[in-house]
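Got your viewer open and the cartoon view on? Let's take a walk through this one, stop by stop.

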Amino acid sequence: MARARGVRAVPERIVICAGFADALRLLFGGGVLRGPLAVEAYGLAFHRFLLAADRVRTVPLGLDDHGTRTEDLAGQRGVRSVLLTPAHQFPIGGPLTPARRNAAVDWARERGGVMIEDDYDGEFRYDREPVGAVQALDPEHVLYVGSTSKSISPALRLGWMVLPERLVDPVLAVKGQRERWTSVVDQLTFADLIVSGAYDRHIRHMRQRYRERRNRLVEALAGQAPHIEVAGIAAGLHAVLRLPHGTEASTLRAAAWRGVSLDGLAGFRHPDTPVHLEGLVVGYATPSDHAYAAALAALCEILPPAP
């Protein structure tokens with residue numbers, strides 16, 4: 001973590017969990033942190049549902065071309081925690097600017113609160129070296145969470161939290177003495193991959209593969225649907241295609257009819273945010289190699305025509 005993401009950590013502050021969802025359960029379900037929690041206006045609905053089940057109210061922060069509007073945190077009464085995806089906003093795809101990274105850390109420091117950094121795909125940046133983790137700016141007020149969900153598979157329920165010192169004992173008390181969800185064998189195997197260098201080799205290989213996949217998507221759109229914008233930076237395992245107003249629902253219906261599996265941005269929008277963006281979330285890492293060309297062709301065919 002220190003070499004690849006710039007995280008400042010000692011072993012005593014690292015707590016293993018069964019992925020990001022389990023981290024949220026430990027933090028909020030166990031009462032280590034309490035709501036309300038500020039979140040990005042667009043994000044995983046599953047995380048909001050999980051928090052709601054623990055009676056944690058979420059408050060959306062707006063998004064613009066420079067990322068999440070962390071400067072708006074100052075106006076949120078009663079909020080002492082914020083959840084962000086700073087390296088690659090999910091799902092829109094932009095990075096958090098340095099000024100807004102600093103604003104989030106300053107806010108957490110002034111409130112005596114915490115920023116939760118979801119570094120879900122920080123290893124996969126294609127246009128430059130990966131951006132370092134925000135956690136390095138203030139390890140006592142930024143709680144870093146990483147996982148193997150994107151680097152290996154979401155089926156491997158394995159993640160890690162790098163905690164501020166004051167939260168280590170409370171999290172361990174909630175976690176208990178025995179592993180409930182994460183296999184010790186999986187942990188030892190993953191540790192061996194790291195020590196042997198096999199994990200680094202795997203990341204380099206997959207970074208190249210995903211870069212090529214994204215490039216092919218961008219090239220196909222440039223040739224067949226140049227009016228469709230690819231939002232965000234060249235990173236991760238998905239891309240967002242911006243759509244003209246009023247076309248998202250019909251495009252999703254056309255995709256379903258053609259057997260193309262896509263998500264619309266509407267499914268990621270926080271119900272309390274007034275901003276309604278329209279677009280498609282395209283997971284370009286999923287199709288097999290032999291099916292990818294056909295998948296791109298089908299995608300271009302169902303996109304709305306130029307106005």
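Here is a tour that goes from a sheet to a pocket and then to a few single residues. Bear in mind that this is a predicted model.

**Stop 1: an open sheet.** Select strands E10, E11, E13 and E12, in that order, and you have the four strands of an open, antiparallel sheet. Its edges are E10 (229-231) and E12 (263-264), each with a pairing partner on one side only. Now bring up helix H7, residues 198-224: this helix packs on the sheet and touches E10, E11 and E13. The direction of H7 makes about 150 degrees with that of E10.

**Stop 2: the E11-E13 pair.** Zoom in on residues 238-242 (E11) and 279-283 (E13), which run antiparallel and are joined by five bridges. As a general point, strands of a sheet pair through backbone hydrogen bonds, so show the backbone here. Which residue of E13 stands opposite His238? Click across and you land on Gly283.

**Stop 3: Ala239.** Stay in E11 and pick Ala239. Is Ala239 buried or exposed? Ala239 is buried, because its relative accessible area is 2%, and the cut-off for buried is under 20%. Show what surrounds it: setting aside neighbours within four places in sequence, Ala239 is in contact with Leu217, Val230, Leu280, Val281, Val282 and Tyr284. For a sense of scale, draw a distance from the C-alpha of Ala239 to that of Asp22; the two are 217 residues apart along the chain, and the separation is 26 Å.

**Stop 4: helix H2.** That line ends in our next selection: Asp22 is one of the buried residues of H2. H2 is mostly covered, with eight of its ten residues buried. Among them are Phe20, Leu24, Leu27 and Phe28. Step past the end of the helix to Gly31, where phi is positive, near 80 degrees.

**Stop 5: the largest pocket.** Switch on a surface and look for the largest pocket, which holds about 1200 Å³ of space. How many residues line it? The lining has 49 residues, and to find the centre you can select Leu44, Phe90, Lys150, His238 and Val281, which lie nearest to it. His238 you already met opposite Gly283, and Val281 was among the contacts of Ala239. Colour by residue type and the lining splits into 30 nonpolar, 13 polar and six charged residues. Several elements contribute at least two lining residues each, including helix H2 (20-29), strand E2 (37-40), helix H3 (45-53), H7 and E13.

**Stop 6: His270.** Head for the loop between E12 and E13, where His270 has its place. With a relative accessible area of 2%, His270 counts as buried, so you may want to hide the surface. Not counting residues up to four places away in sequence, His270 touches Val39, Ala41, Arg48, Thr58, Val59 and Pro60.

**Stop 7: strand E9.** Finish at residues 159-162. Both faces of E9 are covered: Gly159 and Met161 are buried on one side, Trp160 and Val162 on the other. Two strands to add are E1 (residues 14-17), antiparallel to E9 with four bridges, and E8 (residues 142-147), which also pairs with E9 in the antiparallel sense over four bridges. To check the register, pick Ile14, which stands opposite Val162, then Val145, whose bridge partner in E9 is Met161.

Technical notes:
Residues are numbered from 1 along each chain as its sequence is written. This is a predicted model: local features need pLDDT of at least 70, side-chain atom pairs count only at pLDDT 80 or more; totals for chains, interfaces and linings use all residues. Side-chain values use heavy atoms; hydrogens and water are left out. Two strands pair if DSSP finds at least two bridges between them. Contact means heavy atoms within 4.5 Å. Axes are lines fitted to C-alpha atoms, for helices over the stretch in contact, and angles run from 0 to 180 degrees between N-to-C directions. On a 1 Å grid over the protein atoms alone, a cavity is a set of points where a 1.4 Å probe fits but cannot get out, and a pocket is an open set with protein on both sides within 12 Å along at least five of seven lines; lining residues have an atom within 4 Å of a point. Grid points are joined across faces, edges and corners, and a volume is the space filled by probe spheres set on the points. Ala, Val, Leu, Ile, Met, Phe, Trp, Tyr, Cys and Pro count as nonpolar, Asp, Glu, Lys and Arg as charged, and the others, Gly among them, as polar. Buried means under 20% relative accessible area, exposed over 50%, partly exposed in between (1.4 Å probe, protein chains only).
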